[in-house]
Amino acid sequence: MKHTQEFLNWKYKISDIDITKIDHAFIMDYDFWLRSERKCANNTAIKYIKNFKKIMRLCMANGWLSKDPFLGYKAKIKEVERPLSYKG
C-alpha cells in the first residue's frame, strides 16, 4: 500500500484514486516506477505488482471493476543463483 501511495503522489500528485480509473497504462507506469524510482530488481517489482493484481481480482469479483487492467500484462520471475556460503 505504501508503494502505491508513493506512486500516486509521484505520478498524479494525489493520495488516493478511484478504483475504476486504474487501467493497463496505470499498471505499466506503476511497473516502470517500481523499477526506476524505487530501484526495485525484477523479482521485487513483480512481487509488488502480483500483490496489486490480487487486489484488482478481488475488486472484479465484487463487481467494482468491469474489466481486468492486467489483461496483456506479462511478467516473468528470473531465477536467481545465490553463491554457496563459504565458511573459512
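Contact here means heavy atoms within 4.5 Å. By that rule D31 touches I49 and Y73, leaving aside residues up to four places away in sequence.

This is a predicted model: local features need pLDDT of at least 70, side-chain atom pairs count only at pLDDT 80 or more, and totals for chains, interfaces and linings use all residues. Residues are numbered from 1 along each chain as its sequence is written, and side-chain values use heavy atoms, with hydrogens and water left out.

**D31, I49 and L34**

D31 sits in helix α2. Helices are DSSP runs (H or I, at least four residues), and strands are DSSP runs too (E, at least two); both are numbered from the N terminus. D31 is buried, at 10% relative accessible area. Buried means under 20% relative accessible area, exposed means over 50%, and partly exposed lies in between (1.4 Å probe, protein chains only).

I49 belongs to helix α3. I49 is buried, with a relative accessible area of 2%. Its contacts, not counting residues up to four places away in sequence, are I27, Y30, D31, L34, F70 and Y73. I49 and I27 are 22 residues apart along the chain, and their C-alpha atoms are separated by 8.0 Å.

L34 touches H3, K39, C40, A45, Y48 and I49, again not counting residues up to four places away in sequence.

**The nonpolar core**

A nonpolar core is a set of buried Ala, Val, Leu, Ile, Met, Phe, Trp, Tyr and Cys residues joined through side-chain atoms within 4.5 Å. The largest one has 17 residues, of which F26, I27, Y30, L34, F52 and F70 touch the most other members. The elements that give two or more residues to this core are α1, α2 and α3.

**The largest pocket**

The search runs on a 1 Å grid over the protein atoms alone. A pocket is an open set of points where a 1.4 Å probe fits, with protein on both sides within 12 Å along at least five of seven lines; lining residues have an atom within 4 Å of a point. Points are joined across faces, edges and corners, and the volume is the space filled by probe spheres set on them.

The largest pocket has a volume of about 380 Å³. It is lined by 18 residues, and the closest to its centre are M1, T4, Q5, F52 and I55. Elements that give two or more residues to the lining are α1 (2-12), α2 (24-36) and α3 (42-61). The lining divides into 11 nonpolar, 5 polar and 2 charged residues. Here Ala, Val, Leu, Ile, Met, Phe, Trp, Tyr, Cys and Pro count as nonpolar, Asp, Glu, Lys and Arg as charged, and the others, Gly among them, as polar.

**Exposed lysines**

| Residue | Place | Relative accessible area |
|---|---|---|
| K13 | loop between α1 and α2 | 64% |
| K39 | loop between α2 and α3 | 67% |
| K74 | segment after α3 | 78% |

K13 has a positive phi of about 60° although it is not a glycine. K39, also a residue other than glycine, has a positive phi near 55°. K74 lies 22 Å from K11, C-alpha to C-alpha, and the two are 63 residues apart in sequence.

**Cysteines**

C40 is buried at 14% relative accessible area. C59 is buried at 6%. A disulfide is a pair of cysteine sulfur atoms within 2.5 Å. The count by this rule is 0 disulfides.
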